[in-house]
Amino acid sequence: YLTEKLNKLDSEIKQLKSGKKIKSFKKNDTVMENNASQIYQQGREYYLNSQYNPALQKFNYLIDKFPTDPLAANSLYWKGEVYYDMNDYVSSIAAFQNVIDYYPKSQKAPDAQFKIGLCYVKMNNFSQAIIELKRIKKLYPNYERQKNVEELIRKIYEK
C-alpha cells in the first residue's frame with residue numbers, strides 16, 4: 001500500500017513538472033491546474049468560506065503560474081482582502097500595493113488604493129490614511145467610490 005502511494009506521488013510530481021493537471025487527495029479540488037479561472041474561483045470560494053490559508057495558496061499559485069493573466073491582479077487584490085480579514089494590515093498593504101505597482105491599469109487598482117487607506121485607519125495611523133486616500137483622486141480621478149473616499153477623509157478629520 002505504501003509503495004503504491006509513493007508511486008502515485010512520483011507520478012504526480014512528474015505530471016506537475018510537465019504542467020499537467022493533478023488531482024489532490026481531497027475530492028473535487030485540484031492542487032495544481034493550468035486553468036487560471038478555475039484556480040481563481042477556488043481561491044474565492046475558500047475566501048468566502050473564511051478558509052484563508054487555502055485561499056492564499058490558490059491566489060499565490062495563480063499569481064506565480066499566470067502573472068500576465070488578468071486574474072493575477074484580482075488574485076493579488078483578494079490576497080490583500082484575506083490579510084485584511086485576518087487583521088494582518090501590514091501584509092494586506094503589501095498585497096494591495098503590489099496590485100498598484102504591478103497592475104496599475106487593473107480595475108482592482110483603485111480599490112486596492114482605497115483599501116490601503118482603510119488599513120492605515122485600522123492601524124490608527126490617520127495621517128498616512130489621509131495621504132493614501134487623497135492619492136486616489138490624483139491617480140484615479142474617475143473612481144466610482146470617490147464619495148466614499150471623501151466621506152472617510154471627512155470622518156478622519158473629525159476624530
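In helix α8, which spans residues 146-158, the side chains of Lys155 and Glu151 come together in a salt bridge, with 3.4 Å from N to O. The two residues stand four places apart in the sequence, about one turn of the helix. An α-helix has 3.6 residues a turn, so residues three or four places apart point the same way. Both partners of this bridge are partly exposed: Lys155 has a relative accessible area of 45%, and Glu151 has one of 36%.

The structure that holds this pair is a predicted model, and the predictor's confidence should be kept in view. The mean pLDDT of the protein chain is 87, and 79% of its residues reach 70 or more. Over residues 20-32, however, the pLDDT is below 50, although this stretch has 32 contacts in the model beyond near neighbours in sequence.

The protein chain contains eight helices and two strands. Read from the N terminus, its elements follow the order α-β-β-α-α-α-α-α-α-α. Of the 159 residues in the protein chain, 46% are buried. Among contacts between residues at least 6 apart in sequence, 41% join residues at least 24 apart. The accessible surface of the protein chain comes to about 9,900 Å², and carbon and sulfur atoms account for 50% of that area.

Individual helices may now be considered in order along the chain. Helix α3 takes in residues 52-65, 14 residues in total, and extends 20 Å between its first and last C-alpha, close to the 20 Å expected at 1.5 Å a residue. Its buried residues are Tyr52, Ala55, Leu56, Lys58, Phe59, Tyr61, Leu62 and Ile63.

Helix α4 covers residues 70-85 and includes Gly80. Gly80 counts as buried because its relative accessibility is 0%. Setting aside residues up to four places away in sequence, Gly80 touches Ser92, Ala95 and Phe96. Gly80 also lies 7.1 Å from Ser91, C-alpha to C-alpha, the two being eleven residues apart in sequence.

Another residue of α4, Glu81, leads to a second part of the chain. The side chain of Glu81 meets that of Lys115 in a salt bridge, at 3.2 Å from N to O. Lys115 belongs to helix α6 and Glu81 to helix α4, so the pair ties together parts that are 34 residues apart in sequence. Each partner counts as buried, a term that applies under 20% relative accessible area: Lys115 has a relative accessibility of 12%, and Glu81 has a relative accessible area of 6%.

Helix α6, made up of residues 109-122, also contains Asp111. With 13% relative accessibility, Asp111 falls among the buried residues. Apart from its neighbours within four places in sequence, Asp111 is in contact with Tyr77, Tyr143 and Arg145. The last of these contacts introduces a further set of charged side chains: Asp111, Glu144 and Arg145 are linked in a network of salt bridges. Within this network, Glu144 and Arg145 form a salt bridge whose closest N and O atoms are 3.5 Å apart. The members differ in how they are covered, since Asp111 is buried, Arg145 is partly exposed at 32%, and Glu144 is exposed at 67%. In total, the model has six salt bridges.

Helix α7 comprises 14 residues, 126-139, and reaches 20 Å from first C-alpha to last, close to the 20 Å expected at 1.5 Å a residue. Which residues of α7 are buried? They are Ala129, Ile130, Glu132, Leu133 and Ile136. These residues cover an arc of only 165° around the axis, which puts them on the same side of α7. The face turned away from that buried side carries the exposed residues Ser127 and Lys138. The cover over the buried residues of α7 includes α6 and α8. Helix α6 is thus the helix of Asp111, and α8 is the helix of Lys155 and Glu151, with which this account began.

Note on methods
Residues are numbered from 1 along each chain as its sequence is written. This is a predicted model: local features need pLDDT of at least 70, side-chain atom pairs count only at pLDDT 80 or more; totals for chains, interfaces and linings use all residues. Side-chain values use heavy atoms; hydrogens and water are left out. The expected span of a helix is 1.5 Å times one less than its number of residues. Buried means under 20% relative accessible area, exposed over 50%, partly exposed in between (1.4 Å probe, protein chains only). Contact means heavy atoms within 4.5 Å. A salt bridge is a side-chain nitrogen of Lys or Arg within 4 Å of a carboxyl oxygen of Asp or Glu. The arc is that of the directions from the helix axis to the C-beta atoms. pLDDT is the predictor's confidence in each residue, from 0 to 100. Accessible areas come from the Shrake-Rupley method with a 1.4 Å probe; for residues, only the protein chains shown count as cover.
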